[in-house]
Amino acid sequence: MRDKVLQRWVKQPPASPEIQYLRDAERLNAWEQLGERTRVLDIASESNVTAGLQAEAVARVDFSPDAIDHARDILGDDVDRYEVTDPEKPDLPFPDDHFDAAVSIGPYDWKFLDIDHLTAEVNRVLESDGLFSFSVPTPRSPYATRGRNRFRYYEPDEALDIIAPDWQLVDYDLVFQYPDRIHRIVKSLPTTMQEPFVDFSWRATKELTERDRWNEAAYLVLGAKPMEYDDSLERALECLFRPAEDNGFWDTHDSKFIRGLDYSIDTGEHAPAGPADLSWTRDDTIQWRYAPFALMGAMQWRVSERGTDAVDQKLRDQLAYFEDKLADDPSRIGMPSYGIGPLILSYALADSVFEEEYAEMARTLFDYSREAFDFSHAEDSLLAYGWSYLYEQTGDEDVLDAIEDALWEINERLDPPSGTFQFDNGTTRRHQNQMYTIWGMARAIEVTGKTGYLDSLELVLDYTIDERMQADGAFIWEDVAQPIRGWTEFVIDFFDRRPPHWDFLYECHQTFFVNAVTHYYAAGGERDYDRAVGEAMAWIYGTNALDADLTELSGLGVPMRFMTRDGHMDVPDQMYKGAYEVGSYIMALTNLLDADGPFR
C-alpha cells in the first residue's frame, strides 16, 4: 500500500484551482529560493517540481522502486540520475559536497520517513554554500483534520527544530490555506468561482511571509544552508597552533600559547569590511585563564573522535610549561579558579591519551584548589568542571566527595525568582559566569548521577534564552533593568563615553552557551535546546548586525571577538582576540561534531 502511495505521489492527477494552488505555491516558492544551480538533488518531490528545476544536472531519489520507475517514465532525460533509498534509513548514494542545492517538496509529511537521518544526509552531500529547500505542513493545514493518522504536521518551532543545530535558516515562505470547512466549500465550487478565492490565497501567502506571521501559515517552505562546522574546526585548530608571527596563537620561542592578538582597523571605520582592513599584533600579557582555556579546548578536541596526533608535541610543550610554573607552589603565580579548573581537566585528559603520567599534576592542582577556593564566586564552578574529568580518569573517591560537595554548594547559589545563580562576585549575573556555572554543575551531575539537580540548569538555560537571547541569536552580556539602561545610555551618549557593558555582544558568549547545553544533555537533560544552539552559532556565521561571517571578517580562521549591538568593533579596550575564546570555540565545534555526542 505504501509503495502505491509513493508511486501516485510522483505524478499528481489534475486538481481544482483551490487544490492546485497549494501545489503551485510550494513549487514556485521552492524554485525561487533555489534560483539557478549547477547540481541539484531532488528528494521525491512531485514530478512537476523536478521538471522545472534550473540546473545543469539533476539527480532524483525516491523511496520505492515503483516510484522511481514511474518518475523515470515521466521525467526521462530531464533527470540525469535516478536512485532509490530506504525511507527507514534514507542513505543518499552520493559523495560529500556533491550538490549545490537540494529540494524536497512533500516527503517531510510522511510518518514512515526517518527525517533526522535524511536531513543529516542532505547536509553531508551539500556544498558549504548549498541550499536545501523543503516544505512541511502545519496544523493549520485543512488536511490536518483528516490526515493525522498518515501524515506529520509541524508547529513552526517543530519545523525549525528539524534543521537545528546543523543548518542556518536563510529563506522561508509561509503559505496560506483556508481552514478545513471553508476549504471544502471552496473546492466544491465550479472552477470559475474558485478563482477569486485562489487570488486571495496568493495575496495572503505574501502577507504572512512579509509580516513573519508563522503561526497562521498552513505550509512552510524553508530554505536552509549547512553550518560548516567541520571546516570551522579545522581552521580554528590551524589558527590556535599557527605561529604568532603569522597571526596565530603559538609562541614558537617559548612553546606555549600567547594571550591574544590585538587589532586596529586601518580604514578608520567602526567595523572592518574584510580582513584587509585589520592589522593584528601579538599580545604577550599574562592573564592566567587565557592559555588554560585554549589548552582545555584543544585537549577536548584531542580526546574526541575528531582528534588526531598532529599537534601532540605542542600540547605536551604547553602542559610542560604550566607544570613548570605550578608544580612547586600553585599559589605563587596567583592563578584564579577559572584557570586552575581548565588545567585540571587538561592534565586529566592528557593522562588518558599520552604515555606520560599527567594525573599526578592534576591531583596536585585538585588538592590545592580544594583548599584555596570555596565556591563563593561563579568562576569557582570551573573547579568542579575540571575535577569531574580527574575523577573519570582516576576514580579517586576523594575527588568524588569534593564534586558532590561542590554540586551542593553551587546549587545553593541558585535564585529561582531571578532565574540565575547568585555568587558573591560583582559580575555573577553576567552571561559567561552563568554558563561556567552550568558547565561545572552539569559535569558534576553527570559523574555523580544526581539528576535531580537538572531542573536548576533548565531554569537558568530557559532564562538565558527568554531574557538574554536576542532575535538575531546573540546573547547580551548582562540584562539590566530598562530605566537604569536608558538613563545610563543617555549619559554615555551625551558625554560621548564608552558604551556600557550590556551593549556588547561576544562571540565567546555564543560558544559558552553551546557548551553549557552540551553538558546539560550529557548529564541526562531532556529539554530540547537544539534550535537555540543553532541560532547561537548562526550569529557567528552571519545573522549578526553586520550580516557577516565573523570568521571570514577576521581573516584568522576564528571569529572576531565582539561587536556592539549596533555593529561597532572599535571600542579600544576590546579590540583583540583572546586565546580563551578560541578554546571555547574549539570545544563547541568539537561538541557539535562528535559522533558520540548529544547532537549526533
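Is the crossing of H10 and H23 left-handed or right-handed? The crossing of these two helices, H10 and H23, is left-handed. The model you are looking at is a predicted one, and the tour below starts with that helix pair.

## H23 and its two helix partners

Helix H10 covers residues 229-240, and its axis comes within 10 Å of the axis of H23, with a crossing angle of roughly 150°. Angles over 145 degrees count as roughly antiparallel, so H10 is roughly antiparallel to H23. If you would like to find the contact on screen, look on the H10 side for Tyr229, Asp230, Ser232, Leu233, Ala236, Leu237 and Leu240. On the H23 side they meet Val582, Tyr585, Ile586, Leu589, Thr590, Leu592 and Leu593. By class, the residues of this contact divide into 11 nonpolar, 2 polar and 1 charged.

H23 (residues 579-593) also packs against helix H21 (residues 530-543), at an angle of about 130° and with the axes 13 Å apart. H21 and H23 are therefore oblique to each other, and H21 passes H23 in a left-handed crossing. H21 brings Val533, Met537 and Tyr541 to the contact, while H23 brings Tyr585, Leu589 and Leu592. The contact of H21 with H23 has 6 nonpolar residues, with no polar and no charged ones. It is worth clicking on Tyr585, Leu589 and Leu592 of H23: they take part in the contact with H21, and they are also among the H23 residues that meet H10.

## H1 and H4

Now move to the start of the chain. The axes of helix H1 (residues 2-10) and helix H4 (residues 65-75) come within 8 Å and cross at roughly 20°. Angles under 35 degrees count as roughly parallel, so that is how H1 and H4 lie to each other. H1 passes H4 in a right-handed crossing.

Which residues in H1 meet H4? They are Asp3, Leu6, Gln7 and Val10, and their partners in H4 are Asp66, Ala67, His70, Ala71 and Ile74. The residues of this contact divide into 5 nonpolar, 2 polar and 2 charged.

## The seven-stranded sheet

An open sheet of 7 strands runs in the order S3-S2-S1-S4-S5-S7-S6, and its pairing is mixed. Strand S3 (81-84) and strand S6 (167-175) stand at the edges with a single partner strand each, so one side of each has no neighbour in the sheet. Neighbouring strands here are turned by 20° against each other on average, direction ignored.

Within this sheet, strand S1 (residues 37-43) and strand S4 (residues 99-104) run parallel and are joined by 3 bridges. To locate the pairing, find Asp42, which stands opposite Val103 in S4.

## The three-stranded sheet

Another open sheet is formed by 3 strands in the order S11-S10-S16, with antiparallel pairing. Its edges are strand S11 (278-283) and strand S16 (576-578); each has a single partner strand, so one side of each is left without a neighbour in the sheet. On average, neighbouring strands of this sheet are turned by 25° against each other, direction ignored.

How many bridges join strand S10 to S11? There are 6, and the two strands run antiparallel, with S10 spanning residues 260-265. Leu261 is a handy marker, as it stands opposite Arg282 in S11.

## An aromatic pair

A search of the whole structure finds 44 aromatic pairs. In one of them, the rings of Trp439 and Phe512 have their centres 5.8 Å apart and their planes at 80°, so the pair is edge-to-face. Trp439 lies in helix H17 (residues 431-448) and Phe512 in helix H20 (residues 507-522), so the pair ties together parts that are 73 residues apart in sequence.

## Two backbone details

Two loops are worth a visit for their backbone geometry. A cis peptide bond joins Ala164 and Pro165, with omega about -5°. Pro165 is found in the loop between helix H7 (156-163) and S6, and S6 is an edge strand of the seven-stranded sheet.

The other detail is at Ser255, where phi is near 55°, a positive value in a residue other than glycine. Ser255 lies in the loop between strand S8 (250-251) and strand S9 (256-257).

Methods
Residues numbered from 1 in each chain as written. Predicted model: local features only at pLDDT ≥ 70, side-chain atom pairs only at ≥ 80, totals over all residues. Heavy atoms only, no water. Axes fitted to C-alpha atoms, helices over the stretch in contact; angles between N-to-C directions. Helix = DSSP H or I, 4+ residues; strand = E, 2+ residues; numbered from the N terminus. Parallel < 35°, antiparallel > 145°, perpendicular 65-115°, else oblique. Left-handed = near helix turned anticlockwise from the far one by under 90°. Contact = heavy atoms within 4.5 Å. Nonpolar A, V, L, I, M, F, W, Y, C, P; charged D, E, K, R; others polar. Pairing = 2+ DSSP bridges. Phe/Tyr/Trp six-rings, centres within 6.5 Å; stacked < 30°, edge-to-face > 60°.
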